[in-house]
Amino acid sequence: MILDRSLVPAVVLCFLLGVAAGSSAVAASPVAAADAVFLQEMGRQIPSPTPLEAVAVFDGQVFVGTKDGLLRLQGEELAPVAGVKQPVTRLVATKQALWALSPAGLFRLQAGHWKQLSDQATDDVTEHLGEIVVASNRKLWKVEDDKLASQGRASEALAKLDDL
């Protein structure tokens, strides 16, 4: 049997519609299945009243950022951290500190104490050649004496960092 090429799209469409109609008549209602593989990989679940935005491990402790502030894992629950009540959108662990980034500013945990270094929103923190560099929008800062020292616009600042 030879099929006219102009009929191919119509035949394919009829076939697909027939399969779809036939499958819907015999398909059972969807049933949620336990994800046994995931459950095997997961050691435990810790409930949270609010969605988690960020997670980091620093100095052997687990910290979690949420829209309600910073939490720390204590046993089987997440407990609020007294020093950071503002929303935390990112956590960054460096060699000497844990950094919490928030629309309300930049916070640092060092030697067991939280300190707010800036009330400006920041986008990222990294350690470069032993210096802490903070980025926000198109600006870069270095942390010097618990303050942010402007390095200018990002394009100019990157040239300075290369000279370190």
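Contact means heavy atoms within 4.5 Å. The exercises below use a predicted model.

**Exercise 1. Decide how far the model can be read.**

Task: What is the average pLDDT of the chain, and which residues have a pLDDT below 50?

Solution.
- Step 1. The average pLDDT is 79. A score of at least 70 is reached by 66% of the residues.
- Step 2. Residues 3-27 fall below 50. Beyond near neighbours in sequence, this stretch makes two contacts in the model.
- Step 3. Where pLDDT is low, the predicted coordinates should not be read in detail.

**Exercise 2. Take stock of the chain.**

Task: How many helices and strands does the chain have, and what percentage of its residues count as buried?

Solution.
- Step 1. Count elements: there are three helices and twelve strands.
- Step 2. Turn to burial. Of 164 residues, 28% are buried.
- Step 3. Add the surface. About 11,200 Å² is exposed, and 56% of that comes from carbon and sulfur atoms.
- Step 4. Look at contacts with a separation of 6 or more. Residues 24 or more positions apart make up 26% of them.

**Exercise 3. Map the sheet that starts with β1.**

Task: In which order do the four strands of this open sheet lie, and which are its edge strands?

Solution.
- Step 1. The order is β1-β2-β3-β4, with antiparallel pairing.
- Step 2. β1 (52-58) and β4 (77-80) are the edge strands, since each pairs on one side only.
- Step 3. Direction ignored, neighbouring strands here are turned by 30° against each other on average.
- Step 4. Take one pair. β3 (residues 69-74) runs antiparallel to β4, and four bridges join them. Arginine 72 faces alanine 79 of β4 across this pairing.

**Exercise 4. Classify threonine 50.**

Task: Is threonine 50 buried or exposed?

Solution.
- Step 1. Locate threonine 50: the loop between α2 (36-41) and β1 holds it.
- Step 2. Apply the cut-off. Buried means under 20% relative accessible area. Threonine 50 has 8% relative accessibility, so it counts as buried.
- Step 3. List what it touches. Leaving out residues up to four places away in sequence, threonine 50 contacts Thr66, Lys67 and Asp68.

**Exercise 5. Map the sheet that starts with β5.**

Task: Which strands form the edges of this sheet, and by what angle are neighbouring strands turned on average?

Solution.
- Step 1. Four strands make an open antiparallel sheet in the order β5-β6-β7-β8.
- Step 2. The edges are β5 (90-93) and β8, each pairing on one side only.
- Step 3. The average turn between neighbouring strands is 20°, direction ignored.
- Step 4. β6 (residues 98-102) and β7 (residues 105-110) share five antiparallel bridges. They form a hairpin with two residues between them. Leucine 98 stands opposite leucine 109 in β7, and serine 102 opposite glycine 105.
- Step 5. β7 also pairs with β8 in the antiparallel sense, again over five bridges. Phenylalanine 107 faces glutamine 116 in β8. This hairpin too has two residues between its strands, and alanine 111 in it takes a positive phi near 55°.
- Step 6. Check the burial of β7. Five of its six residues are buried, so β7 is largely enclosed by the rest of the structure.

**Exercise 6. Classify the aromatic pair.**

Task: What geometry does the pair of phenylalanine 63 and tryptophan 114 have?

Solution.
- Step 1. A search of the whole structure returns one aromatic pair.
- Step 2. Its ring centres lie 6.2 Å apart, and its planes stand at 80°. Planes over 60 degrees apart count as edge-to-face, so the pair of phenylalanine 63 and tryptophan 114 is edge-to-face.
- Step 3. Place the partners. Phenylalanine 63 is in β2 (residues 61-66) and tryptophan 114 in β8 (residues 113-118), so the pair ties together parts 51 residues apart in sequence.
- Step 4. Phenylalanine 63 has 2% relative accessibility and counts as buried.

**Exercise 7. Follow glycine 83.**

Task: Which residues does glycine 83 touch, not counting residues up to four places away in sequence?

Solution.
- Step 1. Glycine 83 sits in the loop between β4 and β5.
- Step 2. Its relative accessible area is 41%, so glycine 83 is partly exposed.
- Step 3. With those sequence neighbours left out, glycine 83 touches Phe107 and Trp114.
- Step 4. Add a distance. The C-alpha atoms of glycine 83 and lysine 115 are 7.4 Å apart, across 32 residues along the chain.

Note on methods
Residues numbered from 1 in each chain as written. Predicted model: local features only at pLDDT ≥ 70, side-chain atom pairs only at ≥ 80, totals over all residues. Heavy atoms only, no water. pLDDT = per-residue confidence, 0-100. Buried < 20%, exposed > 50% of the residue type's maximum accessible area, 1.4 Å probe, protein only. Areas by Shrake-Rupley, 256 points an atom, 1.4 Å probe, with all protein chains shown as cover. Pairing = 2+ DSSP bridges. Axes fitted to C-alpha atoms, helices over the stretch in contact; angles between N-to-C directions. Phe/Tyr/Trp six-rings, centres within 6.5 Å; stacked < 30°, edge-to-face > 60°.
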